[in-house]
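Me: I have a model to go through with you. Please keep the answers short and show the reasoning.

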Amino acid sequence: PHTVIVFFIFSLCFFFLMIRRQPRSTRFPYTTLFRSRAYIVDGPIDQERLVNAVLETVGRHIPLRWTYSEPRVRLSAEQALDVERMRGAVSVATFRERAVSRYLEPFDLDAGPLGRLLVCEIDDGTTGIATSFHHVSIYAGSFDKMWREIDAHYTGSEVADLGFDYAEHATWQQQRDRTDDSAYWSSPNQTRGAANISLGSDATGDDAYIEKRASFSTEELRSGSGATMFASVLGGLAAMLRRRSDGDVIPIAITADIRDHPGAEHLIGYFLNTLPLLIETRVGETLQTITDRCGTTVGDALARRTYPFSSIVADRRRAGLAEPSASILLAFEQHETPTLGGHRAAHEVLTSGHAVTDATFFVQLRGQEVQLGLEYRGAVLSNELAHVLLEDFDNVIRAAISIPAVAVGDIELASTTAPIAAEPATGHTTLLLLPEICTPITHSPAPPAVPFRATTPTYAQPAT
């Protein structure tokens with residue numbers, strides 16, 4: 001189990017430091033990385049059986065029950081999960097208010113509990129269920145797997161055997177030869193000078209998450225111009241950002257699932273890595289050309305998706321190359337339609353109100369419905385411009401589906417009418433992450449860096 005934390009550090013540590021660098025944030029860094037879902041099940045359930053099903057699920061998976069300080073401790077399922085049952089029947093609004101309140105309470109990763117379960121009867125005959133875990137333990141793909149396993153335990157159905165555990169999977173990945181992966185991510189094609197992207201003038205608002213239902217369906221996206229649905233989305237985003245950039249090489253980071261062994265199929269944990277892509281996007285090219293290029297770029301990157309982002313950064317620093325940017329992120333998620341004991345459940349993703357990148361664009365497939373979202377830093381984007389950009393995001397994907405022959409410079413967008421000339425950007429420019437992280441280490445090593453329950457290391461300590 002001690003091996004598990006290695007990949008967590010590779011994947012998440014720079015997010016902790018980025019959040020700490022936001023001077024207006026009053027919360028500890030790790031409190032902004034919660035992941036929670038609220039479910040409304042369309043009927044009554046056996047609450048005792050549900051609690052037991054969740055406890056059985058938690059007990060099978062290392063990231064849900066092992067503490068994260070040294071020495072690491074294996075908690076019982078009852079110690080790892082905080083269960084609350086609301087008394088009597090309540091309204092949906094009351095349930096949601098309590099779910100959000102519980103969700104925002106800090107987790108104690110040193111001692112537990114590491115997860116929370118809230119369940120209650122709703123006054124219209126439905127059932128409210130909320131599950132919350134730290135992002136170090138879970139993400140969208142694992143939420144779906146967890147709910148599937150909970151339903152299996154609840155109904156007494158067969159539960160899939162775990163081929164091996166999370167630590168064994170991490171160890172298996174670390175033992176592989178990564179020479180080719182390292183060479184790929186530091187190759188000249190991957191380290192070209194990226195364009196500066198102007199998201200807007202400096203803003204002074206709060207971080208936020210906004211969302212809207214897309215103007216297209218999953219089936220329409222599937223039949224779009226790209227080789228895959230993701231290629232159509234990525235091509236549309238690259239075209240939109242090119243209209244706000246001073247060059248043709250558009251930096252967009254994507255998240256990728258790193259389950260690359262059959263034995264990891266049913267594991268629950270954090271299995272994401274950040275891949276920094278560069279998408280060549282010329283204003284005179286058609287969306288079809290861009291989406292085709294995105295298909296090839298993504299295919300090449302996914303073949304090396306398990307090489308940790310932190311290793312990419314370290315390799316480039318040693319070679320004196322430009323560090324990758326993750327200031328603009330694209331997250332593409334396929335959410336299953338959950339069921340519990342034969343009842344269908346609608347779910348809502350609860351957000352913390354804190355962003356870890358300048359802008360993260362979300363595409364969530366929920367059956368035939370597509371939900372678009374934008375999580376943004378209030379110091380970079382105003383709320384008004386964020387809503388315009390989300391509308392533009394919808395429009396460019398729609399264009400990639402319906403008019404792929406249109407040129408990038410001719411797409412009708414609300415936020416900008418013409419491509420920015422190839423000259424230094426005059427608005428906000430995307431900053432590299434590493435200098436932001438290293439500045440307090442070298443110039444102000446004494447202040448606390450990442451506060452925890454029992455210890456408060458300074459900026460100098462993580463560097464040693």
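Me: Which residues are linked in a network of salt bridges?

Reply: This is a predicted model. The structure holds 25 salt bridges. Some of the charged residues join up in a network. Its members are Asp82, Glu84, Arg98, Arg102 and Glu105.

Me: Which parts does the salt bridge of Arg102 and Glu84 tie together, and how many residues apart are they in sequence?

Reply: The side chains of Arg102 and Glu84 meet at 2.9 Å, N to O. Arg102 belongs to helix α4 (residues 92-103) and Glu84 to strand β2 (residues 81-90). The pair therefore ties a helix to a strand, and the separation in sequence is 18 residues.

Me: Are Arg102 and Glu84 buried or exposed?

Reply: Buried here requires under 20% relative accessible area. Arg102 meets that criterion, and so does Glu84. Both residues are buried.

Me: What is the order of the six strands in the open sheet, and which stand at the edges?

Reply: The pairing in this sheet is mixed. The strand order is β5-β12-β11-β8-β6-β7. β5 (208-213) and β7 (272-280) each have a single partner strand, so one side of each lacks a neighbour in the sheet. The edge strands are β5 and β7.

Me: How many bridges join β11 to β12?

Reply: β11 covers residues 359-366 and β12 covers residues 369-376. The two run antiparallel. Phe361 stands opposite Leu374 in β12. The number of bridges joining β11 to β12 is eight.

Me: Which helix packs on the sheet, and what angle does its direction make with that of β6?

Reply: Neighbouring strands of the sheet are turned by 25 degrees against each other on average, direction ignored. Helix α9 (residues 229-242) packs on this sheet. α9 touches β6 (249-257), β7, β8 (328-335) and β11. Its direction and that of β6 make an angle of about 150 degrees.

Me: How many residues apart are Arg213 and Glu369, and in which strands do they lie?

Reply: Their side chains meet in a salt bridge at 3.8 Å, N to O. Arg213 is exposed at 56% relative accessible area, while Glu369 is partly exposed at 29%. Arg213 lies in β5 and Glu369 in β12, so this pair links distant parts of the chain. The separation is 156 residues.

Me: Which residue forms a salt bridge with Asp257?

Reply: The closest N and O atoms of the pair are 3.5 Å apart. Asp257 is partly exposed, with a relative accessible area of 30%. Its partner is buried, at 13%. That partner is Arg259.

Technical notes
Residues numbered from 1 in each chain as written. Predicted model: local features only at pLDDT ≥ 70, side-chain atom pairs only at ≥ 80, totals over all residues. Heavy atoms only, no water. Pairing = 2+ DSSP bridges. Helix = DSSP H or I, 4+ residues; strand = E, 2+ residues; numbered from the N terminus. Axes fitted to C-alpha atoms, helices over the stretch in contact; angles between N-to-C directions. Contact = heavy atoms within 4.5 Å. Salt bridge = Lys/Arg side-chain N within 4 Å of Asp/Glu carboxyl O. Buried < 20%, exposed > 50% of the residue type's maximum accessible area, 1.4 Å probe, protein only.
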